[in-house]
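I opened this notebook to record what I looked up, entry by entry. The overall build comes before individual residues.

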Amino acid sequence: MSAVDPVRGPAEGPRRVVLTGCGALSSVGIGVAAFTTALREGRVGTGDITAFDSTGFPSRRGHQVHGFDAAARLRRVRPEETGRATQFAAAAARMALEDAGLTEDQLRERRGTVVVGTTDGETGELDLLTESALSLGAAAFTGTALSRSATGSLALGIVRELDLSDVEVSTIATACAAGNYAIGNGFDAVRGGAAEWALVGGADALNRKTFAGFARLGLIAPDECRPFDTGRAGLLTGEGAGLLLLESEESALARGAHIYAEVLGYGLNCDAAHPTAPEEDSVARCIRLALANASVKPEEVDLISAHGTGTPTNDATEIAAIHQVYGDTPPRTVGVKSMIGHTMGAASALGAIASALAIRHGFVPPTANHRETDPACRVDVVPNTSVTADVRVVQNNGLAFGGNNAIVLLGRHESAGHEGASREGARQDTRGENVR
C-alpha cells in the first residue's frame with residue numbers, strides 16, 4: 001500500500017483514500033448521529049407523501065425528509081433561489097465538512113473535487129414550473145424559476161455554499177447507482193493526486209414524475225418496502241442526500257482526523273440489456289471488478305449493503321449475482337431501503353455511509369419490515385433488529401435502470417479507533433489502474 005514514512009514523507013504511487021466526514025439527510029433522521037441511531041434501532045421512515053399532490057395514485061406512502069429547515073442550515077445558498085435537491089446536497093456537504101473537522105478555509109487551501117450523483121436533478125421544480133405554466137402561460141418562465149430547475153445546480157450549490165473556487169465540479173446522472181459513481185470519481189481523483197479532497201455522494205427530492213413512473217410500472221409497495229421477503233411487493237420512493245468527505249490517508253493522519261473507513265476500490269459496468277430489469281451476469285461481473293480493484297478476496301467481505309429495492313425481480317436477480325461470486329454462503333446481506341426508502345441518486349451514497357458506520361461502530365443494520373425470507377433470496381438479511389458484529393470490509397451495491405452498475409468496497413482503517421483488532425497481515429496494495 002502507499003504509505004507515509006515519518007522520515008522520507010509520502011511514498012511514491014497511488015495514495016490510500018479515507019472517509020473522514022459524513023452528511024446524511026433521510027426520512028429517519030438528519031445528520032450522521034441521528035442516522036446512526038436510526039440504523040441501530042431499525043427505524044422505518046414511511047409516511048404519507050405531502051411534497052406533492054398524490055391524489056389519484058394507488059398509494060400515497062413514501063419516505064419524505066421532515067424537519068429540514070434550509071434557511072437555518074445554509075449560509076450562502078438562498079432557498080428561494082434553489083430547488084429542494086440542491087438544498088439537500090448543499091446542507092449534507094456542510095454537515096460532512098463539519099463532521100470531518102475541516103473548515104472552509106482549509107478546503108480552499110487545497111485543490112478538490114465535488115461530484116454529486118442524481119436520478120432526477122430538480123425534476124420537482126420542473127413539476128411546479130409546468131403547473132405554473134398551465135395557469136400563467138409564458139409568464140411562469142422567470143429567471144428564478146428556470147434556475148431552480150437546473151440539474152447541475154446540485155454540485156454547484158455545494159461550491160456556492162462553501163465558497164470554493166479551485167475545484168472540479170460535476171453532476172452524474174446515472175440514476176440509482178449515481179451515488180456510487182460519484183464516490184468512485186472522487187476516489188480516483190484523491191488516489192491519483194488530482195485532488196487533495198473530494199466531496200462526493202448523491203441527492204434527490206421527491207417528485208410527482210418519478211412517483212408516477214414507478215406507479216405506472218406497478219413497482220410501488222402498498223404499505224412497506226420488504227427487501228428479500230416472500231411477500232415483497234415493490235419499493236417506496238424517498239428523498240434525501242448523502243455526502244462523503246474523502247481525503248488522503250496522509251492528510252487525515254496529519255491532522256488527527258477520525259476515520260470512518262478506507263475506500264478500498266470500486267467497479268463500474270453497464271450492460272444496457274434492458275431499460276429497467278437488472279442482468280444477473282452483469283451484476284456479478286461488476287462485483288468481481290470491484291473486488292479486483294480493491295484487492296479484496298470474496299472471503300474477506302463481512303457484509304453486503306444490497307441495492308435491495310423490494311421488487312420481486314430485482315431482489316432475486318441481485319441475490320443470484322451475489323451467489324455467483326460468493327457461492328452458497330455469502331456474507332450477511334441487508335437492505336437499508338426498508339428503512340429510508342429508495343432515495344434514487346442518494347441511495348448508494350447513503351448506503352456507503354451506512355456501510356462506513358457499520359465498520360466504525362461494529363454493528364450490522366437490519367433489513368426492516370421483514371417477515372419471511374424468499375427461498376429465491378437465500379441470504380442472512382439480518383431481519384428487523386441490528387446485531388453487534390466485527391465488520392471490517394463492506395460491499396455497497398448500486399444498481400440502476402439501463403444496466404448501470406456501481407459497487408464500492410469500504411474497509412476498516414488501522415487507525416479508525418474501532419474496538420476490534422484490524423485484520424491480521426494488512427493486505428499489500430497491488431491495485432493498478434482502475435478496473436472498469
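Entry 1. I looked up the secondary structure of this predicted model, and the chain has 14 helices and 17 strands. I then checked the radius of gyration, which is 20 Å; the globule rule gives 22 Å for 436 residues, and because the two values are close, I noted the chain as being as compact as a globular protein of that length. Along the principal axes, the C-alpha atoms occupy a box of roughly 70 × 55 × 40 Å.

Entry 2. I turned to burial and contacts. Of the 436 residues, 60% count as buried. I restricted the contacts to residues at least 6 apart in sequence, and 79% of these join residues at least 24 apart.

Entry 3. I recorded the surface and the charges. The accessible surface is about 16000 Å², and carbon and sulfur atoms account for 50% of that area. The chain carries 39 positive and 52 negative charges, whose mean positions lie 1 Å apart.

Entry 4. I looked into backbone angles, bearing in mind that most residues other than glycine have a negative phi. A272 is not a glycine, yet its phi is positive, at about 50 degrees. I located A272 in the loop that runs between strand 11 (261-270) and helix 11 (280-294). Is A272 buried or exposed? Its relative accessibility is 57%, so I entered A272 as exposed, the cut-off being over 50%.

Entry 5. M344 also has a positive phi, near 60 degrees, and is a residue other than glycine. I found M344 in the loop between helix 13 (337-340) and helix 14 (347-361). The relative accessibility of M344 is 2%, so I entered M344 as buried, the cut-off being under 20%.

Terms used
Residues are numbered from 1 along each chain as its sequence is written. This is a predicted model: local features need pLDDT of at least 70, side-chain atom pairs count only at pLDDT 80 or more; totals for chains, interfaces and linings use all residues. Side-chain values use heavy atoms; hydrogens and water are left out. Helices (H or I, at least four residues) and strands (E, at least two) are DSSP runs, numbered from the N terminus. The radius of gyration is taken over C-alpha atoms; the globule rule is 2.2 Å times the number of residues to the power 0.38. Buried means under 20% relative accessible area, exposed over 50%, partly exposed in between (1.4 Å probe, protein chains only). Contact means heavy atoms within 4.5 Å. Accessible areas come from the Shrake-Rupley method with a 1.4 Å probe; for residues, only the protein chains shown count as cover. Lys and Arg count as positive and Asp and Glu as negative; His and the chain ends are not counted. The place of a charge is taken as NZ of Lys, CZ of Arg, CG of Asp or CD of Glu.
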